[in-house]
Amino acid sequence: MTNKKAVRNPRTGAVDFEIACAGEREIAALALQLRDAQPGWQAMGVQGRVDVLQAFKAGMLTHQSDIIAALSADTGRLALAKGELFGLVGSIDRWCQLAPDLMWTAERPSAAMPDVALDEVLQPYPLLGAI
C-alpha cells in the first residue's frame, strides 16, 4: 500500500488522518480471499450469519462512545452521530429478525398460476463490492 490519501476534517479544515489506499494487487488478493471464504459463510446457514451480525452489533455497542466521538468530531453534530450508530444497530436487529422468513427454501405454489410450484435456490453472491 504505497498510495496514501489525506483526510480533511470538514469542520476544521485540518488534515487529521491519512488513509493508505490498496493497490490493484492488494485488492485482487483480498477479493480472492473473500471469494474463498464465501462457501463457509453460506454453510453457516441463516442463524449462523445472524449470530455473526449480532456479534458485530455487540462490538459496536461496546465501543459506542468511541464511535460516536469519532463521528461527531467530523460533523460537530452529536445527535446525528448517535442517530447514525443507533440507526445501524436497529437495522441489524430488523434484518436479523426478518432473515429467517426471507430465506425460505421450501417449494411453494405460485399465486398467479396455482398449478405451478416454485422452487428457489438461494445462493449468496460470491463477492459484492459496495461503496
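## Cysteines

In this predicted model, Cys21 is partly exposed, with a relative accessible area of 23%. Cys96, by contrast, is buried, and its relative accessible area is 9%. Cys21 falls outside the buried class because that class requires a value under 20%. The count of disulfides, taken as pairs of cysteine sulfur atoms within 2.5 Å, comes to zero.

The surroundings of Cys96 can be described further. Setting aside residues up to four places away in sequence, Cys96 touches Val50, Leu53 and Gln54. Cys96 is also a member of the largest nonpolar core, as is its contact partner Val50.

## Nonpolar core

The largest nonpolar core consists of nine residues: Val50, Met60, Ile68, Ala81, Leu85, Val89, Ile92, Cys96 and Ala99. Two helices, α2 (45-62) and α4 (78-102), each contribute at least two of these residues. The greatest contribution is that of α4, which gives six residues to this core.

A general tendency is relevant here. In soluble globular proteins, nonpolar side chains tend to be buried together.

## Largest pocket

The largest pocket has a volume of about 480 Å³. Its lining comprises 16 residues, and those that lie nearest the centre of the pocket are Trp41, Arg49, Leu53, Ala99 and Met103. Of these, Ala99 also belongs to the largest nonpolar core, and Leu53 is one of the residues touched by Cys96.

Three helices, namely α1 (24-43), α2 and α4, each supply at least two residues of the lining. The largest share is that of α4, with six residues. Helix α4 is thus the leading contributor to the lining of the largest pocket and to the largest nonpolar core.

## The β1-β2 hairpin

Strands β1 (residues 3-8) and β2 (residues 15-21) run antiparallel and are joined by six bridges. Within this pairing, Ala6 has Glu18 in β2 as its bridge partner. The two strands form a hairpin with six residues between them.

Gly13 is located in the loop between β1 and β2, and in this turn Gly13 adopts a positive phi of about 80 degrees. The residue is partly exposed, with a relative accessible area of 31%. That value places Gly13 in the intermediate class because it is neither under 20% nor over 50%.

## Glu107 and Leu122

Glu107 lies in the loop between α4 and β3 (108-109). This residue is exposed, with a relative accessible area of 57%; the assignment follows because exposed means over 50%. Not counting residues up to four places away in sequence, Glu107 touches Ala117, Leu118 and Asp119. The C-alpha atoms of Glu107 and Met60, a member of the largest nonpolar core, are separated by 38 Å, with their positions 47 residues apart along the chain.

Leu122 belongs to the segment after β4 (117-118). Leu122 is partly exposed, with a relative accessible area of 30%. The separation between the C-alpha atoms of Leu122 and Ala69, which are 53 residues apart along the chain, is 40 Å. For Leu122 and Gly13, 109 residues apart in sequence, the C-alpha to C-alpha distance is 47 Å.

Note on methods: Residues numbered from 1 in each chain as written. Predicted model: local features only at pLDDT ≥ 70, side-chain atom pairs only at ≥ 80, totals over all residues. Heavy atoms only, no water. Buried < 20%, exposed > 50% of the residue type's maximum accessible area, 1.4 Å probe, protein only. Helix = DSSP H or I, 4+ residues; strand = E, 2+ residues; numbered from the N terminus. Core = buried A, V, L, I, M, F, W, Y, C linked by side-chain atoms within 4.5 Å. Contact = heavy atoms within 4.5 Å. Pairing = 2+ DSSP bridges. 1 Å grid on protein atoms, 1.4 Å probe; cavity = no way out; pocket = protein on both sides within 12 Å on 5 of 7 lines; lining within 4 Å. Points joined across faces, edges and corners; volume = space filled by probe spheres on them.
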